[in-house]
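Here are my notes on this one, as numbered points. Have the viewer open while you read.

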Amino acid sequence: MMRMHRERSQLLVIDMQERLLPHIHQSETVVTNCLRAMRLAKRLDVPIMISEQNPKGIGPTVEVVRDEAGNTATIFEKMHFSCMQDEAIYQHLVRMRDGERFQIVLVGVEAHVCVAQTALHLAAAGYNTFVMADAVSSRTAQSRELALNRMRQAGVIITDIESVAFEWLEKAGTQEFRDLLPMLK
């Protein structure tokens, strides 16, 4: 199944952390689109998970992302680069998959490290895996582009915030569509 469905999806926000983001290419765009994805997910009842890579060393998730998450997201600390290699995150994803949420939409940093390794592991494990290209980046544009190409070659679907939004919404004319349309413009 290649089309996203909100009742089958989860949003995974990867390593949007204080000491890392200042070094990320186009970090403001990544943060903005990550927040847009989170607002969309919350409004459409899509569960949100947040990972933090070595938060003692890199710091916690940036405040604007934590504030947007509020108490609606589960936050996991990890040391592995791939979220799938962290036992707590892996078990959470399995529980969610058993509840029919087998589509994972990824946003965050760094595209060529934690995002790519997570995406490749998810795809290999049979999850429908999507990466929001306008909400991921790396320290360099080249690393980001190489990562997106590698993930695409491995069967990960590369998409963007508007594609995710319109697939989750499914149709115009609803109150949800009217409420979320300003966010998408």
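1. Start with the sheet. This is a predicted model, and in it six strands make an open sheet, ordered E3-E2-E1-E4-E5-E6, with parallel pairing. The edges belong to E3 and E6 (157-159), each of which has a single partner strand, so one side of each lacks a neighbour in the sheet. From one strand to the next the twist averages 25°.

2. Now look at E4, residues 103-109. How many of its residues are buried? Seven of the seven, so the strand is largely enclosed by the rest of the structure. Gln 103, Val 105, Val 107 and Val 109 point one way, while Ile 104, Leu 106 and Gly 108 point the other way, and all are buried. For the burial calls, the cut-off is under 20% relative accessible area.

3. E4 has strand partners on both sides in the order given above. Strand E1 (residues 9-14) is joined to E4 by six bridges, and the two run parallel; if you want a spot to click on, Leu 11 stands opposite Val 105. Toward strand E5 (residues 128-137) there are six bridges, with E4 and E5 running parallel. Val 109 has Ser 137 of E5 as its bridge partner. To get from E4 to E5 the chain goes through helix H5 (residues 111-124), and this β-α-β crossover is right-handed.

4. E2 (residues 48-53) reads much like a second case of burial. Six of its six residues are buried, so E2 is largely enclosed by the rest of the structure. Ile 48, Ile 50 and Glu 52 point one way, and Met 49, Ser 51 and Gln 53 the other way. Do note that Glu 52 is on that buried list; I'd look at it on screen.

5. What joins E2 to the strands beside it? Four bridges link E1 to E2, running parallel, and Ile 14 has Ser 51 as its bridge partner in E2. The chain gets from E1 to E2 by way of helix H1 (residues 27-43), in a right-handed β-α-β crossover. With strand E3 (residues 73-78), E2 pairs in the parallel sense over six bridges; there, Met 49 stands opposite Thr 74.

6. Back to H5, this time as a packing element. Another pair to click on is Leu 106 in E4, which stands opposite Val 131 in E5. H5 packs on the sheet and touches E1, E2, E3, E4 and E5, its direction making about 170° with that of E4. The buried residues in H5 are Ala 111, Val 113, Cys 114, Val 115, Ala 116, Thr 118, Ala 119 and Leu 122. Just after the helix, Gly 126 takes a positive phi of about 95°.

7. H7 (residues 161-169) is worth a slow look. H7 lies across E1, E4, E5 and E6, and runs at about 135° to E5. How do H1 and H7 pack? Their angle is about 5° and their axes are 10 Å apart, so H1 and H7 are roughly parallel to each other. On the H1 side, the contact uses Asn 33, Arg 36, Ala 37, Leu 40 and Ala 41; on the H7 side, Ile 161, Val 164, Ala 165 and Trp 168. By class, the residues of this contact divide into seven nonpolar, one polar and one charged.

8. H7 also packs with helix H8 (residues 175-184), at an angle of about 180° and with the axes 11 Å apart. The two are therefore roughly antiparallel to each other. Glu 162, Ala 165, Phe 166 and Leu 169 of H7 meet Glu 176, Phe 177, Leu 180 and Leu 184 of H8. That contact has six nonpolar, no polar and two charged residues. Ala 165 turns up in the H7–H8 contact and in the H1–H7 contact.

9. One last residue: Leu 146, in helix H6 (residues 141-153). Buried or exposed? Leu 146 is exposed, at a relative accessible area of 53%, and the cut-off for exposed is over 50%. The C-alpha atoms of Leu 146 and Ala 116 are separated by 10.0 Å, with their positions 30 residues apart along the chain. Ala 116 itself is one of the buried residues of H5.

Definitions and conventions:
Residues are numbered from 1 along each chain as its sequence is written. This is a predicted model: local features need pLDDT of at least 70, side-chain atom pairs count only at pLDDT 80 or more; totals for chains, interfaces and linings use all residues. Side-chain values use heavy atoms; hydrogens and water are left out. Buried means under 20% relative accessible area, exposed over 50%, partly exposed in between (1.4 Å probe, protein chains only). Two strands pair if DSSP finds at least two bridges between them. A crossover is right-handed if, with the strands pointing away from the viewer, the path from the first strand over the helix to the second runs clockwise. Axes are lines fitted to C-alpha atoms, for helices over the stretch in contact, and angles run from 0 to 180 degrees between N-to-C directions. Angles under 35 degrees count as roughly parallel, over 145 as roughly antiparallel, 65 to 115 as roughly perpendicular and the rest as oblique. Contact means heavy atoms within 4.5 Å. Ala, Val, Leu, Ile, Met, Phe, Trp, Tyr, Cys and Pro count as nonpolar, Asp, Glu, Lys and Arg as charged, and the others, Gly among them, as polar.
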